[in-house]
Amino acid sequence: MRKRDHSMLTNAASLLICGLLAGVVVAAAAFPAVALSGLAAKAGSETFDALPTELAVGPGPQMSRLLAADGKTPLATMYDENRRDINKIDDVAPAMRKAIIAAEDHDFYQHNGVDLNGVARAFVNNSQEGSYQQGASTLTMQYVRLAIAYSATHPADVVAATEDTNARKLREMRYAVQIENEFSKDEILLRYLNIASFGNGAYGIYAASQVYFAKSPSKLTISEAALLAGLVKAPSTLDPTTRSGYPQALARRDYVLDNMLEISAITADEAEKAKASQPKIVGKRAPNGCVDTNTKEWGFFCDYFYRWWMTQEAFGSTTYDRERRLKSGGFTIITTMEPQVQKAADQAARRNLSANSKAARMLAVVEPGTGRVRALATNRNYKLDDPNNPANKPHSDPKQRKNGRLGNYPNTVNPLLSGGDGISGYQAGSTFKIFTIVAALEKGIPLSHTINAERQFRSEYIVGENGSAACKNTHFYCPTNASDSMVGVHNMWSAFGRSVNTYFVPLQQQVGAENVVEAAQKLGITFRDQQDFNRAEDKDRAHQWGPFTLGVSQTTPLDLANSYATLAAEGLYCEPIPVQEIRDPEGNKLDIADPRCEQRISTEVARAAVDAARCPVGDRSSTSRCAGATARNVRGVVDAPVAGKSGTTDKDKTASLVAMTKQYSVAGIMADPDWPQTTQRMGHNEPKGINPPVYETLRDAMKGKPRIDFTPPGDKLRYGDQRRIPNVKCISVEKAKSRISGAGFVAVVGRNQVESNCPAGTAAGTSPDGRTAKGSVVTIKVSSGPAPEPTTTPEGRPGGRPTERPTD
């Protein structure tokens, strides 16, 4: 409850004492209580002198503005109070300056912070019935009161700054004298205009001009200025946006205009014209937060920015501190979002797939070499569903739907693309095979390394006995391929291009699954699912993670895009970041927006991995060793050197694709975020292949960008330790196997016999012959014996079907 002294004698005495202490003599006739004792005045003087004289004056809370990467396009504003300080008094219309003085402090330019004439005038005026109540505080004292309240660190201090007591008035007077000595009158006026409340969430004259009239303060008319000046008296009661408040606001405006005329700020003619006008009130509050972004499709990027900010200790030790800093610090934040790329991703994600679909197309775009997130898009509306009138559809999970739960479509504010708040991600399928390639390359296994890919591979990994992934009547993991046409000898180029499971599981087994998991982490994969995290952190469990190379763990489009971006940047990992410049209200640049990068894998390993990744998307590697492509049309659509990989999971519950150039890495996952075990097949109704929004986004992002080729790797990681293959011609198959194995190769026996001059059943030679990389597969060709001699006819022609003469 506010403290208030009800004794007129006591109030008059206090005001007189304050006036005497300020060095101003007031005619005793103005106060009936002039006969106060000298002891009271002396006591008041000692109290006044004991008050502190240094007031820490800081700026009021200001909104932070988010801009797109071009530094011009508005993205969003965030604030606790809608305020944006003006730095020069000349940016405020003269009419507004005069209006606030007329409304609040006629003698502002004459007094030294404490106006005893104003005190006397207020006392006399307020004693008259029916008059507008005048305050005894000067503009300087009002500013002091607001500054103390805003600098308070405890709620009790805020109350103390505004309670109606003599102690508070004394303190304000003492500080007001200090402020007048420290700042010019124009500086004090500007500070007051920047900190005052004008109602409707508008703090400061800039916000008030925008909210009520949608214009800058420099453009305010006399009528508009008088109306705004009148609002600071009682913003809620005088709210001109309401039916009841509008006439009261006009009456208060006319009162201010009369005062402007009284102090000769305007002419009588100007006053009459201003009174005759009917100001048009816009009444539009500034958008606040990510649900009010400048363009509705930008909400998911804005949300990613907000979540990133809330993790940065540079902005405070607690999430509360960080949020207050964002919403009151007045930062100008240039984000990494490129409007051209974001628009392309939005359009691609929503093309032929509405927000009401259970399936979500989720796209993330990252810039290699900086980690700057250029776009985040999905076919969902970033907004809270209305609990009283919900638009969201029934939950896609039958169990949840049975319990009456609604799904997160078409409306959601969950971080579908970046993870968090229970969103751990989605299976990305064969896109994870790239991590096995990286782990193998790091161990010196070259791209030319061959493995005989069988129809079914019996691994050393243990899974549940007789499970769907186990070999029959065993507990060993036995992956197969999507097609029997993949059976045969493959190197990394062909195996990645055709996505051969029975190449990559044995390759992972050879290098150690724990090393493949580590490679994924180094490139940027974060395990948000607790089960995945526990397995990744335990080396023994990671060693047994057989299906990892096939993309069974959960990830997000953002992590997936960034991991491939690390490869495009030749092994330079950069933390994903949504900002490229942050400036405080004084224009100082914060270095927290700088890219945070480190070399995670060697340049040569990254170049070699990219060389293999050119095959799946229809590009040609530096050696033209590609054979097969799971997303062949990407190269033609993007029309630039490109690398990437597609991936699907069991029963096509998810469909993923990554496509990257030197400038952008785009990852897309199509899934049901509400029910990962969906029975709906994702991506197979796409007429142009798996996840076309990925390469359509990349195509549009690359418009106007130079075509930069990937740097090819050196021969060491392309061909490895090349060794001569032993000559095994015409010896027994067992001896041939022994000789080949002894030379450091993996010997396999060919399925079909070939004609040769060697005896049937012996080795006819090898494939390849000559030289190949150590550890690679060397296939023994088994001879079927010499070819039979051709038969001849009596006429000496080769036997066979008789020729027929044409008939006329």
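Let's start with Asp 721, which is partly exposed, with a relative accessible area of 42%. Its salt-bridge partner is Arg 723, and the closest N and O atoms of the two are 3.2 Å apart. Arg 723 is partly exposed too, at 32%. Keep in mind throughout that this is a predicted model.

**Salt bridges**

The Asp 721 pair has plenty of company, as the structure holds 31 salt bridges. Side chains of opposite charge can pair when their charged atoms come close.

Take Glu 696 and Arg 351, whose side chains meet with an N to O distance of 2.5 Å. Glu 696 sits in helix α26 (residues 692-701), while Arg 351 is in the loop between α15 (339-350) and β6 (360-366), so this salt bridge ties together parts that are 345 residues apart in sequence. How buried or exposed are the two ends? Glu 696 has 5% relative accessibility and counts as buried, whereas Arg 351, at 31%, counts as partly exposed.

Lys 737 and Glu 734 make a much more local story, being 3 residues apart in helix α28, or about one helical turn. Their closest N and O atoms are 4.0 Å apart. Lys 737 is partly exposed at 28%, and Glu 734 is exposed at 55%.

Here are those three pairs side by side:

| Salt bridge | N to O distance |
|---|---|
| Glu 696 and Arg 351 | 2.5 Å |
| Arg 723 and Asp 721 | 3.2 Å |
| Lys 737 and Glu 734 | 4.0 Å |

Some charged residues join up in a network instead: Arg 614, Asp 619, Arg 635 and Asp 709 are linked by salt bridges.

**Disulfides**

How many disulfides does a search of the whole structure find? There are 5. Counting the bonded cysteines along the chain, they pair up as 1-2, 3-4, 5-6, 7-8, 9-10.

Cys 730 and Cys 758 are one such pair, with an S to S distance of 1.9 Å. Cys 730 is in the loop between β21 (722-724) and α28 (733-742), and Cys 758 is in the loop between β23 (754-755) and β24 (763-767), so the bond ties together parts that are 28 residues apart in sequence. The torsion about the S-S bond is about -75°, which means the disulfide is left-handed. As for burial, Cys 730 is partly exposed at 38%, but Cys 758 is buried, with a relative accessible area of 0%.

Next come Cys 615 and Cys 626, with sulfur atoms 2.1 Å apart. Both cysteines lie in the loop between α24 (603-613) and α25 (634-638), 11 residues apart. This link is left-handed as well, with -75° about the S-S bond. Cys 615 and Cys 626 are both buried.

Then there's the disulfide joining Cys 471 to Cys 478, where the model puts the sulfur atoms 1.1 Å apart. Cys 471 counts as buried, at 6% relative accessibility, and Cys 478 does too, at 5%.

**A negative patch**

Not every acidic side chain here is in a salt bridge. Asp 90, Asp 91, Asp 186 and Glu 187 gather on the surface in a patch of negative charge. Within that group, Glu 187 belongs to helix α8 (residues 185-195). Glu 187 is partly exposed, with a relative accessible area of 41%.

Technical notes: Residues are numbered from 1 along each chain as its sequence is written. This is a predicted model: local features need pLDDT of at least 70, side-chain atom pairs count only at pLDDT 80 or more; totals for chains, interfaces and linings use all residues. Side-chain values use heavy atoms; hydrogens and water are left out. A disulfide is a pair of cysteine sulfur atoms within 2.5 Å. Buried means under 20% relative accessible area, exposed over 50%, partly exposed in between (1.4 Å probe, protein chains only). Helices (H or I, at least four residues) and strands (E, at least two) are DSSP runs, numbered from the N terminus. Patches are made of residues with over 30% relative accessible area and no salt bridge: like charges are joined within 9 Å, nonpolar side chains (Val, Leu, Ile, Met, Phe, Trp, Tyr) within 5 Å. Accessible areas come from the Shrake-Rupley method with a 1.4 Å probe; for residues, only the protein chains shown count as cover. Lys and Arg count as positive and Asp and Glu as negative; His and the chain ends are not counted. The place of a charge is taken as NZ of Lys, CZ of Arg, CG of Asp or CD of Glu.
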